[in-house]
Amino acid sequence: MKKLLYFVALTFAIAFICPIGMTATVVTDGLVSYWTFDGSDITNDTVKDVWGKNNGTIVGDPKVVAGQVGDALEFDGSDDYVNLTNLGDFGSEVGSSTFEAWVKTDFKQEWTSLFKVLDVGCSMAWAIDVNRSAKAGFPLAQDVVHFYVRQKAVAGCIDIAVEIEFELSDGKWHHIGFAIEDAGEPKISIYMDGQPQEVIVAKGSKLDNFVPFVEPVYIGAANNRGNVERHFPGLIDEVRIYDRPLTADEVTQNYNSKVGLSVEPDDKLSIIWGKLKSTI
């Protein structure tokens, strides 16, 4: 009887302290690749894609430091970046996609690239350029975050180029989410810290001729037709690519997630249950 009462008491305690679903995981529907930048997912110069098959390669000497979720990589803004390969045939999926990452920087002096690939000639391009506070026509108190996709067409290059104003370079962690919905005319949704942002559209062409990337995608720098430039000075964490546009609720879920793919609380609860049962 005492053991039974002890078991019931502990059950209530566990339910109170570690409720099921207490920590939400990230959305996996449509997830193509996921680089956590955790030290446990980095071996020598290889950064593991924990969901897909697109392992990255470290160039330079970015440091593994405490991140927003687990660890992050700290880039020196000089020669550090991660080569994400050419992402297989993902170029054909960019028309409906989402890019997400956590970033932290206080650099404002000039343009830098969070990620970028620009193929040779007028072909595929995909990028986020950030941190230029002094751009004409934008308040100096705000940073400009510039996102674009480009493709080759019969008439030449066509692209989507959008910008937002957001105080990104304040030395704090910020979550970035860019989603493209390619259904007829393309729709761009941009989220900062889980909240939708007003999009300033520079160009808004319809894109319908996506082809696989030739050049690798770089994180922490720009790959401009094989040349490395615009190195990013700061921290990057939890980089994810989806082959569909996430909804606002899904972006909010990812923004709020503190465990990534982990289900640690549930795992631990199962272990505790097993131990308790063995005592009865």
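Buried means under 20% relative accessible area, exposed means over 50%, and partly exposed is in between, worked out with a 1.4 Å probe and protein chains only. Keep that in mind for Asp 61, which is partly exposed because its relative accessible area is 47%.

What you have above is a predicted model, where local features need pLDDT of at least 70, side-chain atom pairs count only at pLDDT 80 or more, and totals for chains, interfaces and linings use all residues. Residues are numbered from 1 along each chain as its sequence is written, and side-chain values use heavy atoms, with hydrogens and water left out.

**The whole chain**

Let's start with confidence. pLDDT is the predictor's confidence in each residue, from 0 to 100. The chain has a mean pLDDT of 82, with 79% of its residues at 70 or more. Two stretches to treat with care come next. Residues 4-22 stay under 50 in pLDDT, and the model gives them 16 contacts beyond four places in sequence. Residues 264-279 are also below 50, with 15 contacts beyond near neighbours in sequence. A contact here means heavy atoms within 4.5 Å.

How many helices and strands does the chain have? There are three helices and 20 strands. Helices (H or I, at least four residues) and strands (E, at least two) are DSSP runs, numbered from the N terminus.

Of the 280 residues in the chain, 47% count as buried. The chain exposes about 13,100 Å², and carbon and sulfur atoms supply 53% of that area. Accessible areas come from the Shrake-Rupley method with a 1.4 Å probe, and for residues only the protein chains shown count as cover. Now for contacts between residues at least 6 apart in sequence: 68% of them join residues at least 24 apart.

**Salt bridges**

A salt bridge is a side-chain nitrogen of Lys or Arg within 4 Å of a carboxyl oxygen of Asp or Glu. The structure holds six of these salt bridges, including the three in this table.

| Salt bridge | N to O distance |
|---|---|
| Asp 61 and Lys 63 | 2.6 Å |
| Arg 240 and Glu 238 | 3.2 Å |
| Arg 244 and Glu 250 | 2.7 Å |

How do these partners sit relative to the surface? Lys 63, the partner of Asp 61, counts as partly exposed because its relative accessibility is 43%. Arg 240 is buried, since its relative accessible area is 1%. Glu 238 counts as buried too, because its relative accessibility is 3%.

Is Arg 244 buried or exposed? Arg 244 is buried, because its relative accessible area is 17%. Glu 250 also counts as buried, because its relative accessibility is 17%. This pair belongs to a bigger picture: Asp 29, Arg 244 and Glu 250 are linked in a network of salt bridges.

**Ser 33 in strand E1**

Ser 33 is found in strand E1. Why does Ser 33 count as buried? Because its relative accessibility is 1%. The side chain of Ser 33 makes a polar contact of 2.9 Å with the side chain of Asn 54. A polar contact is a pair of N or O atoms within 3.5 Å; within protein, one must be able to donate a hydrogen and the other to accept it, and residues adjacent in sequence count only if both atoms are side-chain atoms.

Not counting residues up to four places away in sequence, Ser 33 touches Asp 49, Gly 52, Asn 54, Val 239, Arg 240 and Ile 241. One name there should ring a bell: Arg 240 forms the salt bridge with Glu 238.

**Two residues with positive phi**

Which loop holds Phe 37? Phe 37 is in the loop between strand E1 (31-35) and strand E2 (42-43). Its phi is near 65°, a positive value in a residue other than glycine. Phe 37 counts as buried because its relative accessibility is 1%.

Asn 44 is found in the loop between E2 and strand E3 (46-47). Phi of Asn 44 is near 55°, again a positive value in a residue other than glycine. Asn 44 counts as exposed, because its relative accessibility is 72%.

**Arg 225 and its surroundings**

Arg 225 lies in the loop between strand E18 (222-224) and strand E19 (227-229). Arg 225 is partly exposed, since its relative accessible area is 40%. A polar contact of 2.9 Å joins the side chains of Arg 225 and Asn 224.

Leaving aside neighbours within four places in sequence, Arg 225 is in contact with Leu 118, Asp 119, Val 120, Gly 121, Arg 150 and Glu 215. Val 214 is 11 residues from Arg 225 along the chain, and their C-alpha atoms are separated by 9.3 Å.
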